[in-house]
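Please open the structure in your viewer and keep the sequence beside it, since this tour moves from one selection to the next.

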Amino acid sequence: MRTATYFFIFLNLSLAMFEEPAVYPLPFLVTSVLEVLCLLVFLGRLAHFATVTLHSVFWKDTKNICIMVAILLSLTDLAIYGVLRVYGVRSIRWSRIVRPIFLINFAESRQIRRAFRSIRNTLPEITYVFLLFMFSLLMFSLMALKLFGERNLKTAEGLPYFRNYLEIVFDLYVLVTTANSPDVMMPAFDFSSWYALFFIAFVIINTYIFMSLFLAVVYNNYKKHLKVMLGRGRMACC
């Protein structure tokens with residue numbers, strides 16, 4: 001039963017690759033039948049839990065409530081999407097975002113829930129580093145707007161260069177990953193090679209300092225919370 005549960009969870013999550021918009025599109029009837037089959041298996045697994053668990057314990061378990069709500073939302077969304085499709089109305093399957101709930105909340109996924117709790121407990125402690133990074137990104141974006149916004153520079157595609165603040169924020173955010181380096185700086189560099197200093201300073205501060213600091217804080221806090229949870233697990237076993 002554990003293997004079957006994992007298989008249908010994997011199948012349910014994999015449907016996103018075959019539903020519109022999809023990488024490998026399949027007919028709606030095929031994907032809907034597979035999804036209903038998965039939901040029926042989840043419902044049967046939940047009914048099995050109910051038969052071997054006290055009713056007072058079963059209904060107080062948040063995991064069971066989450067699974068039931070996820071099944072109800074998925075069926076509702078599937079029915080609405082099917083009706084709209086019959087009438088030729090284009091819509092989006094919003095229930096896809098609830099599918100990971102099945103992966104987390106079944107009893108077989110104890111290790112995944114433990115990792116999820118560690119991540120959840122880590123988030124509040126990395127908020128300050130994240131806010132500091134965002135403040136640096138916003139300030140550099142403002143500096144870029146003042147430096148390049150009034151110089152009528154153009155990108156290689158002929159588009160305005162660094163004239164919209166939100167677009168600047170996004171471009172510099174991508175630059176943190178160095179995915180658009182050095183393309184993002186070439187219009188400014190072609191205008192004056194001294195402008196390269198701005199991008200060098202940005203990469204040093206945000207990519208090499210903030211990202212390293214962010215990674216260290218995430219790792220240390222995640223490791224701390226994971227040790228606490230493992231200690232509690234050993235105590236419960238004893």
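**A buried pair and its partners**

Begin by selecting R93 and E19, both of which are buried (under 20% relative accessible area, where over 50% is exposed and the range in between is partly exposed, with a 1.4 Å probe and protein chains only). Their side chains meet in a salt bridge, with N to O at 3.7 Å (a side-chain nitrogen of Lys or Arg within 4 Å of a carboxyl oxygen of Asp or Glu). This pair links distant parts of the chain, for R93 is in the loop between α4 (62-86) and α5 (100-105), while E19 is in the loop between α1 (2-14) and α2 (28-52), 74 residues apart. Helices here are DSSP runs of H or I with at least four residues, strands are runs of E with at least two, and both are numbered from the N terminus.

The model is predicted, so local features need pLDDT of at least 70 and side-chain atom pairs count only at pLDDT 80 or more, whereas totals for chains, interfaces and linings use all residues. Residues are numbered from 1 along each chain as its sequence is written, and side-chain values use heavy atoms, leaving out hydrogens and water.

Keep R93 selected and add E35, with which R93 forms a salt bridge whose closest N and O atoms are 3.0 Å apart. E35 is in helix α2, 58 residues from R93, and E35 is buried, with a relative accessible area of 1%. Adding D77, R96 and R99 to E19, E35 and R93 shows a network of salt bridges.

Next, select D61 and K63, whose side chains meet in a salt bridge at 3.0 Å, N to O. D61 is partly exposed, at 24% relative accessible area, and K63 is partly exposed, at 22%.

Finally, show the whole protein chain, which has 9 helices and 0 strands.
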